[in-house]
Every structure is written in C-alpha cells, then in structure tokens.
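Q: Please take a close look at one strand of this protein and describe how the strand is placed within the chain around it.

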Amino acid sequence: MSLRALRGQQPSPELELEAFGGIVPVPWAARDQVSLDGFDVSGTVGRVPWARRASTVALALDGAVYLVGLEGADRRPRYNLAGEERDTVVLDCAQARAAKDLEPDSLLVHGALVRVAMMAGALDRVSALALEYARERVQFGRPIGRFQAVQALLVTIAQQAALAGVAADAAIERERPFEIGAAKLLAGRAAVTAGRAAHQVLGARGVTLEHPLSLETRRLWSWRSEYGDDRYWSKRLGTAAIHGGADRLYPTITAGSKVLDA
C-alpha cells in the first residue's frame with residue numbers, strides 16, 4: 001500500500017504493518033538498554049507498535065541495523081492513549097541478522113513518514129467530524145455552524161488539516177529527512193491546535209470513548225510523540241538550517257532538501 005493510500009484509510013494493525021513492509025522499525029532500542037553479543041540480542045524494548053502481531057523488528061544497535069525475529073520473545077501487552085498496541089518485548093539471546101542496506105537513521109525517518117501519512121488522514125477525519133456535527137447540531141433555532149464563533153473554530157481545524165496534508169504530500173514525494181521532519185513537526189502541532197478546536201465544537205459528546213472524535217484525537221496525541229516528537233524534530237531541523245549557513249536559510253525554508261543536498 002502506498003503512503004498516500006494509507007492516509008485515506010482508517011488505521012488498522014494490518015495496514016500499518018503493511019506500510020512498514022512487515023518489519024516494525026525500532027530506532028530507540030539502544031536507549032532501552034538492549035545489548036548485542038555477536039548476533040545474539042538481549043534486553044527489553046518498550047513501546048513497540050503491534051509487536052504481538054509482527055514477526056520481525058528492525059533494531060538500531062551499535063551504529064547498525066539488525067533484524068530480529070520475535071518467535072519465542074516475551075511480548076508483554078501495553079497500550080498507548082488511543083488503546084493501540086504498544087507492547088514491551090523482552091529478548092533473551094534472540095537471533096539477529098545484519099541489515100547492511102539500512103542505516104540506523106532510516107528506521108526513525110521511515111517510521112516518522114508513516115506517522116505523517118496517518119496523522120494527515122486523522123486530521124482530515126477530525127475536520128470532517130467537526131463540520132458534520134456543526135451542520136447537524138441545532139441550538140437557538142439554527143445549526144451551530146452558523147454562529148461566527150463556531151465558524152472560526154471550523155476554519156482553524158480545516159487550516160491545520162490542510163497544512164499537515166500539504167506537508168505530508170511533500171514528505172511522501174521527496175522522502176528526504178528534512179521534509180519528513182518538517183511534516184512530522186507540523187502534524188504534531190496541528191494535532192494539538194485542531195484537536196482542541198474540534199473538542200470545543202463538539203463539547204462533551206466528543207470526549208466520550210464511544211465517539212469517533214475521541215479516538216481520532218487520542219490517536220493524534222499518541223502518534224505525535226512516536227518516531228521523534230516535536231522537540232526532537234525542531235532541534236534536528238534547526239541544526240540542519242544552521243549548518244546550511246545564513247545565505248542558504250531562506251532557500252532552505254522554501255526548498256528544503258533540494259538546497260541542503262546540493
């Protein structure tokens with residue numbers, strides 16, 4: 001499945017694993033104190049997406065990428081804010097093989113790109129839910145979407161969804177770290193701004209577990225911290241811009257990797 005197609009689909013474990021190519025990228029394994037002895041991997045890795053459904057994870061260890069099979073691994077159920085599986089995996093001398101064609105940074109970047117596509121889709125759905133409710137909910141004799149204050153909230157949501165969508169399209173097209181990082185950062189910020197506005201439109205109904213808005217915003221708030229949070233990508237993008245030099249700052253802002261890679 002293409003990432004553009006993923007954006008238009010309701011998330012599911014099967015779709016996400018397909019987007020990952022069947023191998024879940026785990027760039028934070030070294031931080032979680034996983035050790036490598038020859039080709040035996042031992043330790044505990046937390047927050048692994050869909051680990052109980054996956055057969056293989058890709059771990060970044062000692063400056064290289066290793067593919068580790070999960071057969072026989074202790075997979076302990078854990079969940080994120082949206083109730084999605086983010087399991088803890090305990091490895092005890094699990095067999096690994098080197099993925100020489102992959103760089104450690106590629107695990108983080110590809111994971112971020114998948115999240116960007118999913119977040120753009122979720123923001124589109126948040127905008128649609130808020131607009132539908134504003135049309136249907138009648139108060140003081142007319143739909144609340146006809147009140148100027150509510151209209152302003154709907155515009156904010158639509159703006160944030162459009163911004164994240166354009167950034168996602170650029171990231172998917174170029175598949176370069178600068179565009180992917182910028183899109184992840186914009187989607188993370190949009191998740192907060194659009195989520196807040198959407199819940200103001202729907203009021204108490206939107207925060208119930210049964211309502212689809214609650215699921216979408218909880219997903220967004222969970223995904224914004226995965227594969228690099230706002231702080232990480234802000235620092236990384238700023239560092240790249242600084243290294244490009246003052247004369248290339250504005251061209252970097254407008255053209256991104258086309259300037260930095262030149």
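A: Two residues are in contact when heavy atoms lie within 4.5 Å of each other. In this predicted model, residues 24 or more positions apart account for 71% of the contacts with a separation of 6 or more in the protein chain.

A few overall values set the scene. The secondary structure of the protein chain consists of nine helices and nine strands. Along its principal axes, the C-alpha trace spans about 70 × 50 × 30 Å. For 262 residues, a compact globule would have a radius of gyration near 18 Å, and the 20 Å of the protein chain agrees with that. Buried residues make up 49% of the 262 residues. The protein chain exposes about 13000 Å², of which carbon and sulfur atoms supply 53%.

The strand chosen for the close look is β4, which comprises residues 56-61. A residue is called buried when its relative accessible area is under 20%. Six of the six residues of β4 are buried, so the strand is largely enclosed by the rest of the structure. In a regular strand the side chains alternate between the two faces of the sheet. The two faces of β4 can therefore be examined separately, and both are covered: T56, A58 and A60 are buried on one side, while V57, L59 and L61 are buried on the other.

The neighbouring strands come next. Strand β1, residues 23-26, runs parallel to β4 and is joined to it by four bridges. Within this pairing, V26 of β1 stands opposite L59 in β4. Strand β5, residues 64-69, runs antiparallel to β4, and six bridges join these two strands. Here L61 of β4 stands opposite A64 in β5. Strands β4 and β5 form a hairpin with two residues between the strands, and in this hairpin D62 takes a positive phi near 55°.

A residue of a helix may be set beside the strand. S214 is found in helix α6, residues 212-223. S214 is buried, with a relative accessible area of 4%. Leaving aside residues up to four places away in sequence, S214 touches H199, G206, V207, T208 and L209.

To return to the strand, β4 is joined to β1 in parallel and to β5 in antiparallel fashion, and β4 has buried residues on both faces.

Definitions and conventions
Residues are numbered from 1 along each chain as its sequence is written. This is a predicted model: local features need pLDDT of at least 70, side-chain atom pairs count only at pLDDT 80 or more; totals for chains, interfaces and linings use all residues. Side-chain values use heavy atoms; hydrogens and water are left out. The radius of gyration is taken over C-alpha atoms; the globule rule is 2.2 Å times the number of residues to the power 0.38. Buried means under 20% relative accessible area, exposed over 50%, partly exposed in between (1.4 Å probe, protein chains only). Accessible areas come from the Shrake-Rupley method with a 1.4 Å probe; for residues, only the protein chains shown count as cover. Two strands pair if DSSP finds at least two bridges between them.
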